[in-house]
Amino acid sequence: MSGKPVDYLVSRFPITSETFIVRELDALARTAEYEVGLRSLFPSPDPPVHEITRPWVARLIRPNALAGLRGLWWALTTQPLTTLSVLRTVTLGYAASPSLLVRALATVPLAASHARDLSAAGGSRHIHAHFATYPALAAWICSRLADVTYSVTVHAHDLYVDQSMLATKMDGARFIVAISEYNRNLLSRFTKTPTKVIHCGIDTKAYSFRPRRIPAGGPIRALCVASLQEYKGHDVLLRALALGGPGVDRIELDLIGGGPLAGQLAQRARELGLHQRITFLGGQPETAVKQALDQTDLFVLPSIVAADGQMEGLPVALVEALATGVPTVSTRLSGIPELVIPHRTGLLATPSDAEDLRDTLEALIASGPALDDFTHAGRDLVEREFDIDTTTKALKEMFDSV
């Protein structure tokens, strides 16, 4: 091993919808150039659905409440002024939102526990936080208490919704990874820390490419893979299907993903008379998602901006759809147009506009031979910019610079 040991730091692990993190961990560990560890802050609500997560669950370091108290006591007794400064900065930085402040203050002792471990290692490890919220906060605290370096990958809600202490957390990082050009441009308003665009990668060799055509008659199998949350736009999709049309009336939709809106969306489907055309499959392992992609005719992800400001970064589900050759529809939002390029790799609708989404689905269904160009261009783009070997090489170069 030639590189500095790297510990990934996340809020919770495993999270079913965050396969991109464990793929990155696996790919980095496979290079055999780094000792890679994994740390988290809070208990995960999800069981290890994906087989790839199980070895990492066994290696996960997550301090419990008692370890957190011990860490805070260690910090107060060994570095009282620094610890009090951290507590003051966090309190002021999150004061505008009491609910966020409570969670941020809960992060402090857990981060102190990690810092205690890292200090015992002589500050020889580098921390890489995924998400600029509590993981980046914990990494910043570790840098203050254990004199370790850290970096951050910024995704979506951590940039669009919660910007508490964002400049402070980003300014302390050695480098920042943005998953899209959209995010890099937005981050430039907050920090001058070097920021590189590195997409969330997939193993393109594991996704069999089969260009699809929409059937000329009969049912059209459509697929949406997304957690059942407001910003994924499922309600807009249901309303688009209910508007009807020669193409959308043929759609039979599979929804893969679990989440808080499951019951509400099922009721909505019944109200719109769509319940016989929609199947709620819940959260599924990667093997089932790949099988569904192989069997579908069309992929749709109708992402929107939620009422709280939450929206997509650059959904990995779209990367997987293009990799397999599925004609794809999404929306003009954040980094999505960098992947689903209108009339080149797919079609885009206006977010939250059910009528425009219906019209866009109709246009894709009627595209005929043009879909061949879409699917091949989509696969080429994924192989060029989203392959896990390419993204890992770029990430390794950033770690080598530390």
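Analyst: A residue counts as buried when its relative accessible area is under 20%, as exposed when that area is over 50%, and as partly exposed in between. Please keep in mind that this is a predicted model. With that settled, ask away!

User: Thanks! Which residues of helix H10 are buried?

Analyst: Helix H10 covers residues 234–243. Among the elements that cover its buried residues are strand E7 (220–225), strand E8 (251–256), helix H11 (262–271) and helix H14 (354–365). Gly244, just after H10, takes a positive phi of about 80°. The buried residues of H10 are His234, Val236, Leu237, Leu238, Ala240 and Leu241.

User: Which residues touch the most other members of the largest nonpolar core?

Analyst: This core holds 127 residues, and helix H6 (residues 134–146) gives the most to it, with 10 residues. Leu253, for one, touches Ala222, Leu223, Cys224, Leu237, Leu241, Arg277, Ile278, Thr279 and Val300, leaving aside residues up to four places away in sequence. Two of those contacts, Leu237 and Leu241, are buried residues of H10. The core members that touch the most others are Leu253, Phe299 and Leu339.

User: Let's move to the sheet. What is the order of the six strands in the open sheet?

Analyst: The strands of this open sheet pair in parallel. Its edges are strand E2 (36–40) and strand E6 (195–197), each of which pairs on one side only. Neighbouring strands are turned against each other by 25° on average, direction ignored. Read across, the order is E2-E1-E3-E4-E5-E6.

User: How many bridges join strand E1 to strand E3?

Analyst: Strand E1 (residues 6–10) and strand E3 (residues 126–130) run parallel. One bridge pairs Asp7 with Ile127 in E3. The number of bridges joining E1 to E3 is four.

User: Which strands of the sheet does helix H6 touch as it packs?

Analyst: Helix H5 (residues 98–120) also packs on the sheet, where it touches E1, E2 and E3 with a direction at about 155° to that of E2. The direction of H6 makes about 160° with that of E3. The strands that H6 touches are E1, E3 and strand E4 (149–154).

User: Back to the edge strand E2: how many of its residues are buried?

Analyst: E2 pairs with E1 in the parallel sense over five bridges, with Val36 as the E2 partner of Val6. Both faces of E2 are covered, with Val36, Leu38 and Ser40 on one side and Gly37 and Arg39 on the other. The buried residues of E2 number five of five.

User: Are helix H4 and H6 roughly parallel or roughly antiparallel to each other?

Analyst: The axes of helix H4 (residues 80–94) and H6 come within 10 Å and cross at roughly 155°, and H4 passes H6 in a right-handed crossing. Residues of H4 including Val86, Val90 and Tyr94 meet residues of H6 including Leu137, Trp140 and Ile141. Angles over 145 degrees count as roughly antiparallel. The two helices are therefore roughly antiparallel.

User: Is Val108 buried or exposed?

Analyst: Val108 lies in helix H5. Leaving aside residues up to four places away in sequence, Val108 touches Leu72, Leu87, Val90 and Ile141. The C-alpha atoms of Val108 and Leu72 are 7.6 Å apart, although 36 residues separate the two along the chain. With a relative accessibility of 2%, against a cut-off of 20%, Val108 is buried.

User: Now the unusual backbone spots. Which residues does a cis peptide bond join?

Analyst: The place to look is the loop between E1 and helix H1 (19–30), where Pro14 is found. Omega of this cis bond is about 0°. The residues it joins are Phe13 and Pro14.

User: Is Ser352 buried or partly exposed?

Analyst: Ser334 offers a useful comparison: it is not a glycine, yet it has a positive phi of about 45°, and it sits in the loop between strand E11 (328–331) and strand E12 (347–349). Ser334 is buried, with a relative accessible area of 10%. Ser352, in the loop between E12 and H14, also has a positive phi, near 70°. Its relative accessible area is 41%, so Ser352 is partly exposed.

Conventions
Residues are numbered from 1 along each chain as its sequence is written. This is a predicted model: local features need pLDDT of at least 70, side-chain atom pairs count only at pLDDT 80 or more; totals for chains, interfaces and linings use all residues. Side-chain values use heavy atoms; hydrogens and water are left out. A nonpolar core is a set of buried Ala, Val, Leu, Ile, Met, Phe, Trp, Tyr and Cys residues joined through side-chain atoms within 4.5 Å. Buried means under 20% relative accessible area, exposed over 50%, partly exposed in between (1.4 Å probe, protein chains only). Contact means heavy atoms within 4.5 Å. Two strands pair if DSSP finds at least two bridges between them. Axes are lines fitted to C-alpha atoms, for helices over the stretch in contact, and angles run from 0 to 180 degrees between N-to-C directions. Angles under 35 degrees count as roughly parallel, over 145 as roughly antiparallel, 65 to 115 as roughly perpendicular and the rest as oblique. A crossing is left-handed if the near helix is turned anticlockwise from the far one by less than a right angle, and right-handed if clockwise.
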